[in-house]
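This report describes the fold, the surface and the interior of one protein chain. Please look over the sequence and the structure before reading on.

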Amino acid sequence: MDELIDNKEINLILDVLEHMEDEELAASLLAEFNEATKHHGKLLMNKDPNLDHDDWKNKCDEASKEVSLIVNRIHSYRS
């Protein structure tokens, strides 16, 4: 995921989750999505003064991949 998730994408994700039959799974996926995007957002803001640029970039890339994996998992439930 090289770009930020826009409102259209978030609405699609929420629509998929809302229409899942397994409500517990939907809630779990939503929690994972929220946690992953929160972590990614904090890294993008780079509030850690001890983090050099290369470490910051690597951590951002890892967090972005995690968000992408979760988004792809959610999309796999789209009917």
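What percentage of the residues of the chain count as buried? In this predicted model, the share that counts as buried is 27% of the 79 residues of the chain.

The chain contains 3 helices and 0 strands, and along the sequence these elements follow the pattern α-α-α. Taken along the principal axes, the C-alpha atoms fill a box of roughly 45 × 20 × 15 Å. Among the contacts in the chain with a separation of 6 or more, 69% are accounted for by residues 24 or more positions apart.

Turning to the interior, the largest nonpolar core has 12 residues, including I13, L17, L29, F33, V67 and I74. Each of the three helices listed below supplies at least two residues of this core.

| Helix | Residue range | Supplied to the largest core |
|---|---|---|
| α1 | residues 7-18 | at least two residues |
| α2 | residues 23-45 | at least two residues |
| α3 | residues 53-75 | at least two residues |

A second core, separate from the one just described, has 5 residues, among them L51, W56, C60 and A63. In soluble globular proteins, nonpolar side chains tend to be buried together.

As for the surface, the chain exposes about 6000 Å², of which carbon and sulfur atoms supply 48%. The chain carries 9 positive and 19 negative charges, and the mean positions of these two sets lie 5 Å apart.

Terms used:
Residues numbered from 1 in each chain as written. Predicted model: local features only at pLDDT ≥ 70, side-chain atom pairs only at ≥ 80, totals over all residues. Heavy atoms only, no water. Helix = DSSP H or I, 4+ residues; strand = E, 2+ residues; numbered from the N terminus. Buried < 20%, exposed > 50% of the residue type's maximum accessible area, 1.4 Å probe, protein only. Contact = heavy atoms within 4.5 Å. Areas by Shrake-Rupley, 256 points an atom, 1.4 Å probe, with all protein chains shown as cover. Lys, Arg positive; Asp, Glu negative; His and termini not counted. Charge placed at Lys NZ, Arg CZ, Asp CG, Glu CD. Core = buried A, V, L, I, M, F, W, Y, C linked by side-chain atoms within 4.5 Å.
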